[in-house]
Amino acid sequence: MTAKLILLRHGESEWNSKNLFTGWVDVDLNEKGEGEARHAADLLKEENLLPDVVHTSLLRRAIHTAYLALDGCDRHWIPVRRSWRLNERHYGALQGLNKAETKEKYGNDQFMAWRRSYDVRPPDLEHDGEYSQFNDPRYADIPEAERPVAECLKDVVARMVPYFTSDIAADLAAGKTVLVAAHGNSLRALVKHLDEISDEDIAGLNIPTGIPLLYELDDDLKPVTKGGRYLDPEAAAAGAKAVANQGSK
Ligand SMILES: O=C(O)[C@@H](CO)OP(=O)(O)O
């Protein structure tokens, strides 16, 4: 028997459209992003892929996307589980900065190392910085010493995979169709884990906003088809290309 795992990056956010590094800053979807989330519902309905349980991050762009996608396919009532472990990568002191300006200021190599290398962290964000979440009550359960102030993708893999192998895997093993509504980099971390992508090759993988990506997993939770299947492959390819080019003005 195969288990069904649907990955959904949130729809376009207010800061995606302004080309700003977002990370843990809790910005909402813009109108286009809400439309993408509703369209995700249509795609799920068309394939009769109706989630039994949803896992989201603690950030409203993922929570809002999950709600709109589930509402649109009459699954607004299913159990919801949330974890900071599904949050976007903490972008440290880059949070709030414009991507094109950052690339211009620091050069493409540094910009790409911060954005897509596996193990180069952006500079730390001060606890009292304008876009710091250090004292946000929603993260009170994370011991201070472990509360992120900047993360590379390797850090995201380290905090996300344990949640996948415990909570998400338990729902999959119980035969549930699972929706994970999360973020560009937390989903890159999950796809890296599922498809066993190398630390080098993951740099080239970008996840588009708002298009469900279906993985059918075998009993060992290995993908039956590597890379899964986007429910709208053409839009996904165009969306991934746009994410890759975000440093350009
Ligand atoms: O700004 C961010 O938090 C992420 C996702 O939007 O950006 P990037 O794709 O540059 O890692």
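User: Buried means under 20% relative accessible area, exposed over 50%, and partly exposed in between. Where does Asp199 fall on that scale?

Analyst: This is a predicted model, and in it Asp199 has a relative accessibility of 36%, so Asp199 counts as partly exposed.

User: What does Asp199 form a salt bridge with?

Analyst: Its partner is Lys192, and the closest N and O atoms of the pair are 2.8 Å apart.

User: Is Lys192 buried or exposed?

Analyst: Lys192 counts as buried, at 10% relative accessibility. The pair therefore joins a buried lysine to a partly exposed aspartate.

User: Which residues do salt bridges with shared partners join into one network?

Analyst: Asp26, Arg60, Asp136 and Arg138.

User: How many salt bridges does the count come to?

Analyst: The count is 11. One of them is between the side chains of Arg75 and Asp52, at 3.5 Å from N to O.

User: Where do Arg75 and Asp52 lie?

Analyst: Both are in loops. Arg75 is in the one between helix H3 (60–72) and strand S3 (80–82), and Asp52 is in the one between helix H2 (31–46) and strand S2 (53–56). The two are 23 residues apart in sequence, so the salt bridge ties those parts together.

User: And how buried or exposed are those two?

Analyst: Arg75 has a relative accessible area of 17%, which is under 20%, so Arg75 is buried. Asp52 has 28% and is partly exposed.

User: What about Glu151 and Arg159, buried or exposed?

Analyst: Both are buried. Their side chains also meet in a salt bridge, with N to O at 2.7 Å.

User: Change of topic: what is the phi of Asn48?

Analyst: Asn48 has a positive phi of about 55 degrees, although Asn48 is not a glycine. Asn48 sits in the loop between H2 and S2, and with a relative accessibility of 59% Asn48 counts as exposed.

User: And what is phi for Glu196?

Analyst: Phi is near 50 degrees there, again a positive value in a residue other than glycine. Glu196 is in the loop between helix H7 (184–195) and strand S5 (213–217). Its relative accessible area is 53%, which is over the 50% limit, so Glu196 is exposed.

User: Now the overall fold. How many helices and strands are there?

Analyst: The chain has eight helices and six strands. In sequence order they run β-α-α-β-α-β-α-α-α-β-α-β-β-α.

User: What is the radius of gyration of the chain?

Analyst: The chain has 17 Å, and a compact globule of 249 residues would have a value near 18 Å, so the two agree. Along the principal axes, the C-alpha atoms fill a box of roughly 50 × 40 × 35 Å.

User: What share of the 249 residues counts as buried?

Analyst: 54% of them. The accessible surface comes to about 11,200 Å², with 48% of that area belonging to carbon and sulfur atoms.

User: What about contacts between residues at least 6 apart in sequence: what share joins residues at least 24 apart?

Analyst: 77% of those contacts do.

User: Last one, on charges. How many positive and negative charges are there, and how far apart are their mean positions?

Analyst: There are 31 positive and 41 negative charges, and their mean positions are 1 Å apart.

How values were computed
Residues are numbered from 1 along each chain as its sequence is written. This is a predicted model: local features need pLDDT of at least 70, side-chain atom pairs count only at pLDDT 80 or more; totals for chains, interfaces and linings use all residues. Side-chain values use heavy atoms; hydrogens and water are left out. Helices (H or I, at least four residues) and strands (E, at least two) are DSSP runs, numbered from the N terminus. The radius of gyration is taken over C-alpha atoms; the globule rule is 2.2 Å times the number of residues to the power 0.38. Buried means under 20% relative accessible area, exposed over 50%, partly exposed in between (1.4 Å probe, protein chains only). Contact means heavy atoms within 4.5 Å. Accessible areas come from the Shrake-Rupley method with a 1.4 Å probe; for residues, only the protein chains shown count as cover. Lys and Arg count as positive and Asp and Glu as negative; His and the chain ends are not counted. The place of a charge is taken as NZ of Lys, CZ of Arg, CG of Asp or CD of Glu. A salt bridge is a side-chain nitrogen of Lys or Arg within 4 Å of a carboxyl oxygen of Asp or Glu.
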